[in-house]
Amino acid sequence: MLQLGVHLGVAVRAVAAGIVCLLPLAAGAHGDDLPPPAPPGIHALVERGDFTAAENRIATLLATEALSPEERRGLEFQRERMRRIRLDFGLDEAAARAAVRRQVPDLRDAEFNAWSSGGLLESMHIDGQTRYFNRSVSNMFRLHPAVAARRASPVRPFRSGPYEQLHPHHREVVEAARASGATSVVPRRVRVTQSLTVKPDAVPAGETVRAWIPYPREIGGQQEGLRLVASAPSVHRIAPADTLQRTVYMEQPAVAGEPTHFSATYELTVHARRFDIDPARVERIDAAADPALAPHVAERAPHIVFSPAMRAFSERVVGDETNPYRIAQKLFAAVDDIPWGGAREYSTIDNLGEHALHAGHADCGQVTLLLMTLLRMNGIPARWQSGWVYSEDAERHDTMHDWGWLYLAPYGWVPMDVTTGQLASEDDDLRWFYLGGLDAYRIAFNDDFGRAFVPAKTHFRSETVDSQRGEAEWSGGNLYFDQWDYAFDWQMLPAVE
């Protein structure tokens, strides 16, 4: 029997005896886990919403025997992608109009039509019918002040995290870094329980449910002192510490009429980061000639592509600047200007960085990949990081979040959070806090995007880019987000000595 915290050896499943042990599974350690591309013709049909024609083409191709496993998988993913897009665009016109009218009771039909035709309400034409994005109404009120002014009282303000604006914690970090000269300061210890609960009868009774719950790794100076407290079920497999999207893996049989629950509880010490960057000291380097840095200045399709539109945007923003830090500042500020908006599921979007460039709004992962692309185009290494952010107990805020790191010689890797962006301060150390600094209220699970789990998933992931909510599947297929719930519960522990 696998013991708590011990990796798999060989195990046997004995459901009849009420004992569930983990079966040995393929490692699938650190390779890509992004879905394969579809034939261009089918991809074009999906993009323009001609789902019926796309499905007919897919079915015809899948019936042939000449396909490679990769080609077959690419077709199957496009079929699944269409299903996910339908879920994201779940509102017909009547439902979208009713959702707007709940906040604008005197809404005129002409107003709704103008907002819709003007692109204020995100929609997609699927098989000839206009379908509205599930978050299109809230995004419209968030992004368009003139429309938001039509909301009837009482107006509930949009929530934001305490560290998304200038906060005493930011000054605490800057002052501690100045006083000590350290780049890791003001540590906080936290206990987290992250859970995933598959809905009753989502899986036939007796079938094994496999679950992956995001799990951090120790990163010197950033998050340390990791201790697993408990898991449910207690038999588990923790991915190796060098897994770039790390998880705790568990499995158990489904029971008729009952939810299938998984959880992991751990403690961790998180440090704020602060690098005092002097632009005059920053050196221009040939990162492509350094084997350790070269991958971080390269394209990585589908989400980091040096397209003509991306190059034009970069040239317009960077101009004739040559100092890497000043280039980073210019690009950071330009991407920071993109307003935040609720996003579709990442697995339904071809290129997240390009999407952020053109959509008029974007969320944290999209702007992070946009900034990473722009930095890499300018020879500045950039990489991904993501997880959850939270707050002190009294502020009671938490959410999934994505950010990144860039490499500046001679400082090395320094953090960036362009979603939070520039803070409203005349003090440049505070204003640019998130270009070279991080608060002490975030846990990273992922040090890259779209990397394989250990053990590997058999079926498509629900989230093909990130890993923050978890993943679940059974022998019959993946379990998508509508088939399970997740929770991230945390408690701040006594101050670290």
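Which glycine follows α12, and what is the sign of its phi? The legends below describe close-up views of a predicted model, beginning with that helix.

**Figure 1. Helix α12 and the glycine that follows it.** Glycine 379 follows α12, and its phi is positive, near 75°. Helix α12 comprises 14 residues, 364–377. At 1.5 Å a residue, a span of 20 Å is expected, and the end C-alpha atoms of α12 are 20 Å apart, so the two values agree. The helix is largely enclosed by the rest of the structure, because 14 of its 14 residues are buried.

**Figure 2. The cavity and its lining.** The model contains one cavity of 30 Å³ or more. The volume of the largest cavity is about 40 Å³. Its lining consists of Glu122, Gly341, Gly342, Ala343, Arg344, His355, His361, Ala362 and Gln366. Sorted by class, two of the lining residues are nonpolar, five are polar and two are charged.

**Figure 3. An aromatic pair between tryptophan 212 and phenylalanine 453.** The whole structure holds 19 aromatic pairs. One of them is formed by tryptophan 212 and phenylalanine 453, whose ring centres are 6.2 Å apart and whose planes meet at 35°, a tilted arrangement. Tryptophan 212 belongs to strand β4 (residues 208–214), while phenylalanine 453 is in the loop between β13 (442–446) and β14 (471–474); the pair therefore ties together parts that are 241 residues apart in sequence. Tryptophan 212 is buried, with a relative accessible area of 0%. Phenylalanine 453 also counts as buried, because its relative accessibility is 1%, under the 20% limit.

**Figure 4. A cluster of aromatic rings.** Ring pairs join Tyr163, Trp388, Tyr390, Tyr441, Tyr480, Phe481, Trp484, Tyr486, Phe488 and Trp490 into a cluster. Trp490, one of the cluster members, also has a charged neighbour: the charged end of arginine 396 sits over the ring of tryptophan 490, 4.1 Å from its centre.

**Figure 5. Arginine 396 and arginine 383.** Arginine 396 lies in the loop between β9 (382–389) and β10. Although arginine 396 is not a glycine, its phi is positive, about 50°. Most residues other than glycine have a negative phi. With a relative accessibility of 47%, arginine 396 counts as partly exposed. A further charge over a ring is found at arginine 383, whose charged end sits over the ring of tryptophan 413, 4.6 Å from the ring centre.

**Figure 6. Two cis peptide bonds before proline.** Most peptide bonds are trans. The bond from alanine 301 to proline 302, however, is cis, with omega near 10°. Proline 302 is located in the loop between β8 (260–274) and α9 (308–318). The bond from alanine 409 to proline 410 is likewise cis, with omega near 10°. Proline 410 is placed in the loop between β10 (399–408) and β11 (412–416).

**Figure 7. Aspartate 201 in a loop.** Aspartate 201 occupies the loop between β3 (184–198) and β4. Its phi is positive, about 65°, although aspartate 201 is not a glycine. Is aspartate 201 buried or exposed? Aspartate 201 counts as exposed, because its relative accessibility is 53%, over the 50% limit.

Technical notes
Residues are numbered from 1 along each chain as its sequence is written. This is a predicted model: local features need pLDDT of at least 70, side-chain atom pairs count only at pLDDT 80 or more; totals for chains, interfaces and linings use all residues. Side-chain values use heavy atoms; hydrogens and water are left out. On a 1 Å grid over the protein atoms alone, a cavity is a set of points where a 1.4 Å probe fits but cannot get out, and a pocket is an open set with protein on both sides within 12 Å along at least five of seven lines; lining residues have an atom within 4 Å of a point. Grid points are joined across faces, edges and corners, and a volume is the space filled by probe spheres set on the points. Ala, Val, Leu, Ile, Met, Phe, Trp, Tyr, Cys and Pro count as nonpolar, Asp, Glu, Lys and Arg as charged, and the others, Gly among them, as polar. Helices (H or I, at least four residues) and strands (E, at least two) are DSSP runs, numbered from the N terminus. The expected span of a helix is 1.5 Å times one less than its number of residues. Buried means under 20% relative accessible area, exposed over 50%, partly exposed in between (1.4 Å probe, protein chains only). Rings of Phe, Tyr and Trp (its six-membered ring) pair if their centres lie within 6.5 Å; planes under 30 degrees apart count as stacked, over 60 as edge-to-face and the rest as tilted. A charge sits over a ring if NZ of Lys or CZ of Arg is within 6 Å of the ring centre and within 35 degrees of the ring normal.
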